[in-house]
Amino acid sequence: MKPPIVVALGGNAIVKPNQQGTYQEQLEAVQTACAAMAGLVAHGHSLVITHGNGPQVGNILIQQEEARLVVPPMPLDACGAQSQGLIGYMIQRTMDNELRRRGIERRVVSLVTQVLVDPDDPAYGNPTKPIGPYYTPDRAKSLLETRGYRMKEDSRRGWRRVVPSPEPLGIVESQAIRLLVEREMIIVALGGGGIPVARRPDGQIEGVEAVVDKDLAAQKLASEVGAWALMILTDVERVALNYGRPDQYDLETITLAEGRRHLAEGHFAAGSMRPKVEACLRFIEAGGPVAMIGPLDRAAQVLHGKAGTRFMAG
């Protein structure tokens, strides 16, 4: 069977801008995403689907904060697992229904997925990833003293917890995902960049308080399962130079050398397009044939080079 495509869904696949993020709103967004991905399956492709979890895990943390006097709070890795289960269930059920509607006999399974990180990663010395609710100065000070949280002030909205974003070293369940692909399953995995875990000297793994970038983790998974393509689907038409300026220039194809040069020149914002471009370049560098970034609603066109931006070795 042909190697799978790893499809990395952007945040707009689950929560649209300016929405409250109710369950029904999320479900409707997932239905749109699954319709686009089912079109790829209809053309004979196997998929491993990854997704973000920013709004969902943030809401879980807010719920924990509001209920802290009634229900004991869970650590961040456990909250990530909860969000994986929630979103995985939505995608799994919706994708299964969409495939059945099209008469496609393929089963869908969601997998709680862990990603190995280095406990000595330099990111631990400089936490940058904001998570959870905004706090008053007094509450932020209390969390700093009682739980050891790192806190960062946002002058407009209050204080917020920040956690490290270490590099993904490997996917714990990559072999299981390979076996599921061989059984022609559609797999939902690595939600929110995966649950960060570190391996102790005795070989045991334990969860860590961190968030792994979802696009870089998707690349690591794509390389480990031997995917023939990494497809990052988001809400942009193409990767662009000078984005948002009068001289914006959209790119149809990017070679490794061009991509590294564009990154060095600072063309892509750290919080949006930069990790996506970096993930695509790493996939090609690791031997992957092709990577793509493009609009979710035209996934099939992105796959066939009629939309989005393609990354090639040269």
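# A tour of the model, stop by stop

**Stop 1: Gln 84.** Select Gln 84 and show its surroundings. Beyond its neighbours within four places in sequence, Gln 84 is in contact with Leu 111, Val 112, Thr 113, Leu 190, Gly 191, Gly 194 and Ile 195. Keep in mind that you are looking at a predicted model. Gln 84 belongs to helix 3, which covers residues 76–101. Is Gln 84 buried or exposed? Gln 84 counts as buried, because its relative accessibility is 5% and the limit for buried is under 20%.

**Stop 2: Leu 190.** Now pick one of those contacts, Leu 190. Leu 190 sits in the loop between strand 9 and strand 10 (195–199). Look at the backbone here. Phi of Leu 190 is positive, about 60°, although Leu 190 is not a glycine. Leu 190 is also buried, with a relative accessible area of 1%.

**Stop 3: Glu 184.** Go to the loop between helix 5 and strand 9, where you will find Glu 184. What is the phi of Glu 184? Phi is near 65°, again a positive value in a residue other than glycine. Glu 184 is partly exposed, with a relative accessible area of 41%. Leu 190, in contrast, is buried.

**Stop 4: the eight-stranded sheet.** Switch to a cartoon view. Eight strands form an open sheet. In what order do the strands run? The order is 3-9-2-1-12-16-17-15, and the pairing is mixed. Select strand 3 (108–110) and strand 15 (253–255) to see the edges: each of these strands pairs on one side only. From one strand to the next, the twist averages 20°.

A general point helps when you turn on side chains. In a regular strand, side chains alternate between the two faces of the sheet.

**Stop 5: pairs inside this sheet.** Select strand 12 (residues 229–234) and strand 16 (residues 290–295). These two strands pair in the parallel sense over six bridges. Zoom in on Leu 233, which stands opposite Gly 294 in strand 16.

Next, add strand 17 (309–312). Strand 16 and strand 17 pair in the antiparallel sense, over three bridges. Here Met 292 has Arg 310 of strand 17 as its bridge partner. Then move on to strand 15. Strand 15 and strand 17 pair in the parallel sense over three bridges. Which residue of strand 17 is the bridge partner of Thr 255? The partner is Met 312.

**Stop 6: helices on the sheet.** Select helix 5 (residues 174–182). Helix 5 lies across strand 2 (47–51), strand 3 and strand 9 (186–188). Helix 5 runs at about 150° to strand 9.

Now select helix 8 (residues 273–285). Helix 8 packs on the sheet and touches strand 12, strand 15, strand 16 and strand 17. The direction of helix 8 makes about 155° with that of strand 16.

**Stop 7: Gln 219.** Find helix 6 (residues 214–224) and pick Gln 219 in it. Gln 219 counts as buried, at 5% relative accessibility. Show its contacts, leaving aside neighbours within four places in sequence. They are Leu 230, Ala 279, Arg 282, Phe 283 and Ala 286.

**Stop 8: the three-stranded sheet.** Another open sheet has three strands, in the order 5-7-6, with antiparallel pairing. Its edges are strand 5 and strand 6 (150–154), each pairing on one side only. Neighbouring strands of this sheet are turned by 35° against each other on average, direction ignored. Select strand 5 with strand 7 (residues 158–163): they pair in the antiparallel sense over five bridges. Ile 131 stands opposite Arg 161 in strand 7.

**Stop 9: the second largest pocket.** Stay with Arg 161. Arg 161 is among the residues nearest the centre of the second largest pocket, along with Leu 61, Gln 64, Arg 147 and Tyr 149. How many residues line this pocket? The lining has 16 residues. Helix 2 (54–66) and strand 5 (129–135) are the elements that give two or more residues to it. Strand 5 gives the most, with four residues.

Colour the lining by residue type. You should find nine nonpolar, two polar and five charged residues. The pocket has a volume of about 160 Å³.

Technical notes. Residues are numbered from 1 along each chain as its sequence is written. This is a predicted model: local features need pLDDT of at least 70, side-chain atom pairs count only at pLDDT 80 or more; totals for chains, interfaces and linings use all residues. Side-chain values use heavy atoms; hydrogens and water are left out. On a 1 Å grid over the protein atoms alone, a cavity is a set of points where a 1.4 Å probe fits but cannot get out, and a pocket is an open set with protein on both sides within 12 Å along at least five of seven lines; lining residues have an atom within 4 Å of a point. Grid points are joined across faces, edges and corners, and a volume is the space filled by probe spheres set on the points. Ala, Val, Leu, Ile, Met, Phe, Trp, Tyr, Cys and Pro count as nonpolar, Asp, Glu, Lys and Arg as charged, and the others, Gly among them, as polar. Buried means under 20% relative accessible area, exposed over 50%, partly exposed in between (1.4 Å probe, protein chains only). Contact means heavy atoms within 4.5 Å. Two strands pair if DSSP finds at least two bridges between them. Axes are lines fitted to C-alpha atoms, for helices over the stretch in contact, and angles run from 0 to 180 degrees between N-to-C directions.
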